[in-house]
Structure formats: C-alpha cells, structure tokens
Amino acid sequence: MTQEIIIAGFGGQGVLSMGKILAYSGLMENKEVSWFPSYGPEQRGGTANVTVILSDSPISSPIVNEYDVAIILNQPSLEKFESQVKPGGILIYDPNGFQHPPTRKDINIYKIEAIDTATLMQNNKAFNMIVLGGLLKVIPMVKLENVMLGLKKSLPERHHKLLPMNEQAILKGMEIIEKVG
C-alpha cells in the first residue's frame, strides 16, 4: 500500500498541520512516511501545500508528479493540481469559495462542506479536522486512534484540551463527505 497525497489551499487553513498529523499517524502504524511542505512567503493568505506519502515499503523520493489523492481547499490549488491526480484517483474539495468546481471524469470527486460545518460547530479552527475525517472515510489509510495520537503529538500541550473537539470534527467529516456525480 502506497498513498501519495497532496493537500493544498490557503495558508491558515491548516494544510501543513493536516499533512503533519497524517504523517505522524502513519509513523504510529510503522509505515514509511514522507512529509514535504511547500508554501510561499505569506503564511496566512498565501498558497500552501504539502505532499504526504504513506507506504508499506521504502519511499524512494518525496517528490511526486501525480497523486493518488488531492485535497483541494481553494480555486488556485484546483487549477494547479486537478490535472495531477492519477486516473482513477481521488479529489476531495470544499466547494465554498470555488467559482469552477472540478471537472475531470476519470477520477473520483468528493465534496465536503467543511467550512460551513465548522461554522455550525462554532469552531472555524476545526475546518481541517473535518476535511481529514472526510479523507479517512473515503480511504481509511490510518486508524482514528493513531490520528488522535498524531494530533496529540503535533499540538502543544496547552492545546490538548482541544483533542475531544478535534475528534468530534473528524467524526463529523466522516459523516458529511459526499461523492459527486
């Protein structure tokens, strides 16, 4: 099993931390892991993406040209990465703020209303955990308990009180993700 994943969106959406949590989760399951972030000089508001590779065998390179899974959280990222999803691969997006949704017919497209759901939950910072929950529903590549361990490892101890809320957000994401078409 190898999953090559790109997570892309605006800085401040939790793109890099979502990738880090996936990577930690893979480590907890003794998988080979690569976490390769990329972001512009603007941390909030600029574009950011991270490539995460989870594999049962050694990873030869962290650089990937085509992805099994793309999580796309803004229009510029869709324009850049939709064409780089392997045929038969998966694209997950939050339609909020998109002028043009994904159009490819040779990939599996899922939408997740994470921004609206985070607003309803009165916690906009849970947005990325809702998206992560959607991913794990579509492809259960790591176990929820390992995601929670990864989250605990990546959050400063002063934020550990937020772990139950983050778990609720992940579970909510698993509920609300929908296949398009």
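These legends accompany several close-up views of a predicted model.

**View 1. An open sheet built from seven strands.** Follow the strands across the sheet and you will meet them in the order E2-E3-E1-E4-E5-E6-E7, with mixed pairing. Look next at the edges, where E2 and strand E7 (178–179) stand. Each of these two has a single partner strand, so one of its sides is left without a neighbour in the sheet.

**View 2. Strands E5 and E6, paired in the parallel sense.** Here you can see E5 (residues 85–93) beside E6 (residues 108–111), joined over four bridges. To find your way, look for Ile90, which stands opposite Asn108 in E6. Helix H4 packs on the sheet and touches E4, E5 and E6. The direction of H4 makes about 150° with that of E4.

**View 3. Helix H1 lying across four strands.** Beneath your eye are strand E1 (2–10), E2, strand E3 (47–55) and strand E4 (67–72), with H1 across them. H1 runs at about 10° to E3.

**View 4. Asn30, a residue with a positive phi.** Most residues other than glycine have a negative phi. Asn30 is not a glycine, yet its phi is near 60°. You will find Asn30 in the loop between helix H1 (15–28) and strand E2 (32–39). Is this residue buried or exposed? Asn30 counts as exposed because its relative accessibility is 74%, and exposed means over 50%.

**View 5. Gln122, in a loop between two helices.** The loop lies between helix H3 (114–120) and helix H4 (127–138). Gln122 has a positive phi of about 60°, although it is not a glycine. With a relative accessible area of 74%, Gln122 is exposed.

Technical notes. Residues are numbered from 1 along each chain as its sequence is written. This is a predicted model: local features need pLDDT of at least 70, side-chain atom pairs count only at pLDDT 80 or more; totals for chains, interfaces and linings use all residues. Side-chain values use heavy atoms; hydrogens and water are left out. Buried means under 20% relative accessible area, exposed over 50%, partly exposed in between (1.4 Å probe, protein chains only). Two strands pair if DSSP finds at least two bridges between them. Contact means heavy atoms within 4.5 Å. Axes are lines fitted to C-alpha atoms, for helices over the stretch in contact, and angles run from 0 to 180 degrees between N-to-C directions.
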